[in-house]
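Visitor: I would like a close look at one part of this model, with the cut-offs spelled out as we go. Please then set that part beside the other chains.

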Amino acid sequence: MTDAKFLLFFFCAAIALAGAIGTIASKLPLRAAMSLLVTIIALAGLYLTLDAQLLAAIQVLVYAGAVVVLFVFVIMLIGPAPETSSAPGSVVWRMLSLVGIAMITATFAFSFVDVASTWVAPPAGFGTVRGVAGEMYTKALVPFEIVAMTLTTAIVGALAIARSKTASELAEMKRRRVAEDASAAAQPAE
Amino acid sequence: MELGLGAYLTFASVLFGIGAVGFLVRRNALVQLMSIELMLNSVNVVLVAANRFHPDNHAGQVFAFFVIAVAAAEAAVGLAILIALYRLNRNIETDRAHVLKH
Amino acid sequence: MSALLSEHLLTLLLAVPMLGALTILFLPRQWPTAIRRISVGFLVLNFFFSLLLLPEMVEVVQSVFGRFPGVAALAGVDYAQPGFHLVVDQPWIESVGISYKLGVDGISLWLVLLTTLLTPIALFASWTSIETKIKEYAIAFLLLQVGMLGAFFALDLFLFYVFWELMLVPMYLIIGIWGGANRVYAAVKFFLFTMVGSLLMLVAILYVVGQYHSLTGQYTFDLVLLHDVILPFEAQVLLFGAFALAFAIKVPMFPVHTWLPDAHVQAPTGGSIILAAVLLKLGTYGFLRFAMPMFPLASQYIGPSIAVLGVIGIIYGAYCAWVQKDVKKLVAYSSVSHMGFIALGMFAMTPHGVNGAILQMVNHGVSTGALFILVGVIYERRHTRDLDEMGGLAKVMPWYTLVFVIVAMSSIGLPGTNGFVGEFMIMSGAWMSQGFVGLGQWGTIFAMIAATGVILAAIYMLHAVLKMFWGPITKPENEGLPDMTRREWVALAPLLVLVFWIGLYPATFLDKSDDAVNQFIGDFRAKWDASSDDDSLRLWHPERHVAPEAEALDEAAAEAARAPGEEREAALDAPADGPLAQLNLAHATGAAGFGGSR
Amino acid sequence: MDNLAILWIVLLPLAGAIINGLAGRFADRKLVALVAVGSVLGAFALAVSSFLELTHLKAEGVEDPRLVADVYQWFTVSLPSATGAFREVPIQVRFVFDSLSGLMTLVVTGIGSLIHIYSLEYMSEEKSYARFFAYLNLFTASMLILVLASSLPLMFVGWEGVGLCSYLLIGFWYETPAYAAAGRKAFVANRIGDFGVLVGMFALVMVAGSFEFTDINSASPEMTAPMVFGGSALEMSIATFACLFLFLGCTGKSAQIPLYVWLPDAMAGPTPVSALIHAATMVTAGVYLCCRLSPVFLQTPSAMEVIAVIGALTAFLGATIAVVQREMKKILAYSTVSQLGFMFAAVGVGAFASGFFHVFTHAFFKACLFLGAGAVMHAVHAHGDADIFKLGGLKKHLPLVRWTFLLSCLAIAGVPGFSGFFSKDEVLLGATTVAMVETPIAPWVGWVVAILLTLAATLTAFYMFRLYYLTFTGTYRSGEGAHADGEHAEGEDADDHGHDDHGHGYDPHPHKPGIAIGLALTVLAAGAVFAGLLGLPHHWLPNWWHHWMEPSIAGLALSEEASHAMGPVWAAMGMGVLAMAVGVGLATVQYRDKNEDTFTASLPKGLFSFLFDKWRVDELYGATIIRLNKGIAVLSGRLDKSFIDGLLTGLTSKAVALGSFLFTRIQVGVVHAYGLVMVIGLLGLGWWFLYPHAELEVETDGAAATLQAGRGLGYEYRFDLDGDGAYDVPAQPTRVTVRFEQGATGAQLLRAGMRVRAAISPEPWPADRAALGRLVSQRGGKTYELTPPLTRLDDVRAALEGSEGIASVRFEAVAGAARFAREARAEARYDEGQFATDRAALLIAQGRAEPIRILLGTSPTRIDPSVLGPNGLGVREEGTNLPPYAWVEDGKVVIRPNAAGAVIAGQEPVERVELGVGEATRLGMAMVRAAPVVRATVEVRNAFGNVARESVDVILEGASASARAQLVPSSLHPIEVLR
């Protein structure tokens, strides 16, 4: 590991962790989204230390360019309201979860610390567009197509879920509600 | 100091832990979704790092690519659900959304 | 063409209905008549193809079409030869030894022909009673035939399981979509009952395959190979139990028969015919083909108990049939009774007992199939099956009455009809079942109790005939009912011919199955002898199986020989890391590694 | 196929039936009649010619003349033999025309023809003309199959075939529900009998090894062996078993107690049917069967006695009921039951030929009587049956009918000279012979039969003449003016079939029968008069019948002296004549020219209604057997729905519902709760993956043991097999020695080192934590120890050799280095030195049971005294109960029995038992053995470097340790270990 990579690793890892903590800790969703953005870009840097140039680019493009922007859109749509104070009962649950997760993370992390590895020189073209694409479009073609279909389905699904009711549907709903109310009102009268 | 796979794995597990904590502790569905993204990213780090130490092929990177794609899809659908939820409840706090209970 | 016919006849028999289903799939649903004609056409075509399984028919075909290329190359199957005929064996999922292996022998031959004969008849008979979703109905029937034929042909346990389940789905749809008022309940009940049994069977299949693997190191689902596995007695009992449950539910045997009346009552006419005539046979066929040969010790140990259930079924089914108001339910319970005879015959393990059981399977298919067609005939006219709604039909429908009485007589086993030959062989088979293999001392008692079933059969069947046909016409709706139409005659005529053919000259049918049955019993006895001597897990005929360890070791040795010089030493040092090591996680280090170190 | 004529006898009526059945509906009545009558007449002609051929053969001196038509083999069954192999027993379709079946064929076709001819006229107004004749022809064919069959199964075809035709013909006028029900009753009763025939058939064939009558008869001497049924020998012989079951069949077919109830109801059928089926032919099939198998019946006196008594009782019962009946056909039906009882009584007393002779004569006079009754009914337009109290004085209107009827009455009453006299005399002679002469059958049976038959004969004479007088003498009670009181106001609808016309009068103008009826009556009456001449009393006159029947029918073997005894002859004849005289005389006095019932009305009310209601047997059956069975049926129908189906579907669906209820409780709907569950799951998974699990299992065999550790992701194992702390099973030990070229620079060395690592990096991930290549030595070049998979050694080697500065690469095995290994299994054979000194196992075995293992340490362990045998608790002298203890001391097992075991074995109690490992002794009822123990440990490391350790104590049960300790076989006495 060259010193540059060494430094880059520490730098990026530290920023990513900080961003992650920011994401989950900030009261305002918008701040959380921005922290997430930081984390994601830092992760792209980590990918670079791992000779995954293409993936680093995709990380920035897809996550920073699309996903986070989507988050921001939604935040803008529904208003950047901070979290309300929670019911006291659920705090216990969440503290339990926090402690549990912390224990697990510690267990895993300490187990992983000593995992041995050897830096080997990657073959030429490792992590480049040519290298990854060459494999993706040959060996992983079927999963690739499936992922494509998944994305399409997700888009259609997202549209179907998120769209608001049309005028006629709203009218129909209203009519039904009125009828229900009327019958509910009629019930006790009898 | 020799940094190897272990360092990346440790980093990934910590990142995953932060994501998990975020998902469990926060009640804002938006932040929970972001936490999920964090967890997915931590897995990607593991995949890419493992690939780097076994550079015979790009299985890890390709898989990470798929994870990113699925994560994008998941974000899209998740956010759509969130908007629908918001339209229904006028808030996006997950512990108030238990209409489907029983 | 010749290769297609003579080597892949069985595949062809599966392909024709499949192709038919595809064809129907692409027909517009606005053409109901075309759909009906084409679907029946495909089934009839398949019936003619299936006739080529008979060597006599091959001769006929050759004498007529001899000048066409390839026809002369057809070879009739000689069913006197042991083993399976027309075997097709193609690897399917090689890594776990699943293959597409089909074959036919004297035991399955008539059941196959029964299937190919009755499926078109069933579809044809329910021609007009189905008015909605005709296209789907036809497709379901064609797929059902694929499933049934496949299950009869399959010599690979996995393939058998696939077909066994495949046949479940169309039948489920046929009952659930085109059935009576309570159809969904009946369909779900049918499905759940059958599934419960077959899942246990799957577990048992996998266990046997696993044992085979532990013996030879290779996976296979091939029945012929798995047949060679001798399992310990306790394992055999459990596995036989699992198989027996699946088959007993399908048969259906006494305590698990309750799905049958519901399914029959709700199913449309065509579905009832197939259900009674063919699907039930798969249960008894499964016993003969799979459960009994593979686990002879358990079969011998549990067999008499199953025969007891059969005998109980004979009596109980008859009693239940007697009090039914619904004709279809009556016939359904009579099926329970008749299938009890078949179970009794199978476990008698005398040649004519087993042969009689096979013949009785065909008989039951013919008689009960015809009965269901006949019930369908009256249902179409009156839209009821309630016995109290009928009466005096003999006056308005004399031909219908004649046919019904003939079929009823065949069902109660009147000599001269098919039912008698089968029941007689079964009962005498049970009576004469002696010695170590068979029913032993119980045979006489079982035969005697079964014979009382003959009385009860007369009671319930004549009860139905009395209620339906004799007496004055009490309901005005029954006056002026039309007698049988030409279509109904066409559907029933082959069955009537069979009723008398089998009854008067059963040799045509028995000759084909005789040798297979003798071989079955000989094999069973031999394997039973072998396993009762030593029931430890082993192969019965180890020489028939390639031992892959030997291959693997050879390979390892060859590899070692290839490695030059110093490396050979290292390679030989740890032979366990050969190809086998990747299959077996646990393997021995060999004593050398341990030595006397202390 | 030797004799086509025999085959055609059967085929002709069958063809007639098929033609009429299928095409008769569309054909002209004349054509139908031609086919029907022609086919039966043709069969009759063939039968006559065959019979003549038979007589020729007989005259030529052939002992047992027979004509055989062997058609084809129907199917085969296989008999198990003693060796376990199967012997094929073919069932042939073979017709045999011999002296017995030939005569019967003549009767069937002859009387059948007459009745066909009679029916032409009688049924002329019937709508279903063709159907009737089709049934009748089918019946004739079935009956001929029954008669001509050479084997039991084929006979069974006819046996059931006639049953079917009887069913169809009884229910011929199916629109009357009662008639259809009567048909069903007949069929079911017959079926009960058929069950008996089936069982009897199976019992016989097991001995005879063939279904053929001749084989069964010739094997009859073997049938005295006890019947084995259900694995145990019954107290009856095979012959008794088979004959009783066959007789059950006969009671069904031939209307004997207890199954006779169907026959009177069967009179619902058209009268020719009653004459043909229910009087002349079908009902005598049982007698025919008994005659066919007479050698078998003769083997079993006990079954014969049963048959005789039942036959006599039936005769008496039928006669008593007939006395009080009002309808012509009913009287004749009970008369038939009674006469059939005569025949069976004859069979039962061993007079088979006489019984069959009665069948023969009875066929004539009873057919004549039925047809006469039919002619009367036809004449007065009575439908179904004719009430004799509405008839009377018909001798003026129907002279021919009257004379034939009278002749037949004389015959059946047994007036000397008429056929009935001779045959009845023969039957009675059989009974008196048994009673008075020494035979295998008990004499009391003979007396009972003789007395009952005499009473029955008396009653027969009485009721037949009662019938005759009330019908033909006196005045016609349905004549014009007879109903002036308006009783018959509802108009003349008696013609309409299906109406119960009791209570109405009949046609006031009886019309004379036509030629067909007259012909049939005349011929039959002639037969009734003269048929008896074939069997004249053999003590004085030539008896053709017995001579003819000799080859086919066996009889009781009588001594020379007994067969010439005249006592029975006089007794029989006296009884017969007396009975006839009393019966006819009484009837003449009571009924001649009377118009009302003077005698039976004078009977006590209770007795009359008891008899009139047929002894209430139908009601009895209805209340018991039928009710019971119907009850079972209703119960099982209900149970099936509620209990069995309820259990199968209801219970499971309840269970599923309960499960789903419980599982939905878990779904709280709070995301964070789900999250917590996920955390718990993660914890479990993390623990599972991060920490290895040894799961050590041990299999021992003698002094060897196989240890197997569980498998897991990336596990590596090392074993310590003998508890010494050193790991005995090492890693795959491969050391790679890399030699560098002379003068390699430091940089080159460094690169080479890198290269070594790079080359090994395709190693499955992760490998040893301390890097794949670990520098272990720098002497003489660097030495790395590698643990690559051996399959990749080639790659490693190539990679190393290609790197700069490396001169050569050498692989060598590393011995003795305790390293992690991937093996999950280790085997060890132990010797004495490896046994633990502070541990041992005690094996305590009682008898052949699996031994109980107790692991002992140095501190005393309590042993449950019951393992040493019942009441094994030792009692110390002080009286305190102390259980035995054991522990290990200096590598030996010390047991302090505390007197346990000694109590049972009755020995002196020992203070202390010492066992070296491998030694054994007996304590109480148990063998006690000390087995050595070794401690084995496995250490498992997984990919993350976490280590788990598990130790087990391996009990080496089979270890015999060394020469100083020998296993003591359990048969020897306990070794002396007392100190």
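Guide: What follows starts with a helix pair in chain C and then moves outward.

The model is predicted, so to speak of local features we ask for pLDDT of at least 70, and side-chain atom pairs count only at pLDDT 80 or more, while totals for chains, interfaces and linings use all residues. Residues are numbered from 1 along each chain as its sequence is written, with chains lettered from A and ligands numbered from 1 in the order in which they are written.

Let's begin with helix 7 (residues 157-178) and helix 12 (residues 269-294) of chain C, whose axes come within 10 Å and cross at roughly 150°. Helices and strands here are DSSP runs numbered from the N terminus (H or I, at least four residues, for helices; E, at least two, for strands). The axes are lines fitted to C-alpha atoms, for helices over the stretch in contact, and angles run from 0 to 180 degrees between N-to-C directions. Helix 7 of chain C passes helix 12 of chain C in a left-handed crossing, meaning that the near helix is turned anticlockwise from the far one by less than a right angle (clockwise would be right-handed).

Which residues meet there? From helix 7 of chain C come C:Met167, C:Met171, C:Ile174 and C:Ile175, and from helix 12 of chain C come C:Gly271, C:Leu275 and C:Leu279. Contact here means that C-beta atoms, placed from the backbone, lie within 7 Å. The residues of this helix contact divide into six nonpolar, one polar and no charged. In that count, Ala, Val, Leu, Ile, Met, Phe, Trp, Tyr, Cys and Pro are nonpolar, Asp, Glu, Lys and Arg are charged, and the others, Gly among them, are polar.

Elsewhere in chain C, C:Phe84 sits in the loop between helix 4 (55-65) and strand 1 (85-93). C:Phe84 counts as buried because it has 21 C-beta neighbours inside 10 Å; the cut-offs are 20 or more other C-beta atoms within 10 Å for buried, 12 or fewer for exposed, and partly exposed in between. Not counting residues up to four places away in sequence, C:Phe84 touches C:Gly103, C:Val104, C:Asp105 and C:Leu155. Its C-alpha atom is separated by 20 Å from that of C:Val162, 78 residues apart along the chain.

Helix 5 (residues 106-125) of chain C has 20 residues and reaches 29 Å from its first C-alpha to its last, close to the 28 Å expected. The expected span is 1.5 Å times one less than the number of residues. Since 18 of its 20 residues are buried, helix 5 of chain C is largely enclosed by the rest of the structure. Over in chain B, helix 1 (residues 5-25) has 21 of its 21 residues buried, so it too is largely enclosed.

Chain B also meets chain A: 74 residues of chain A are in contact with 60 residues of chain B. The chain A side of that interface divides into 56 nonpolar, 13 polar and five charged residues. Chain A itself has seven helices and zero strands, and 28% of its 190 residues are buried.

Finally, chain D has 29 helices and 21 strands, and 54% of its 979 residues are buried. In the largest nonpolar core, of 475 residues, D:Ala345, D:Ala367, D:Val376 and D:Leu453 touch the most other members. A core is a set of buried Ala, Val, Leu, Ile, Met, Phe, Trp, Tyr and Cys residues joined through C-beta atoms within 7 Å. A second, separate core of 80 residues includes A:Ile40, B:Leu15, B:Phe65 and D:Leu682.

How values were computed. Two residues are in contact if their C-beta atoms, placed from the backbone, lie within 7 Å.
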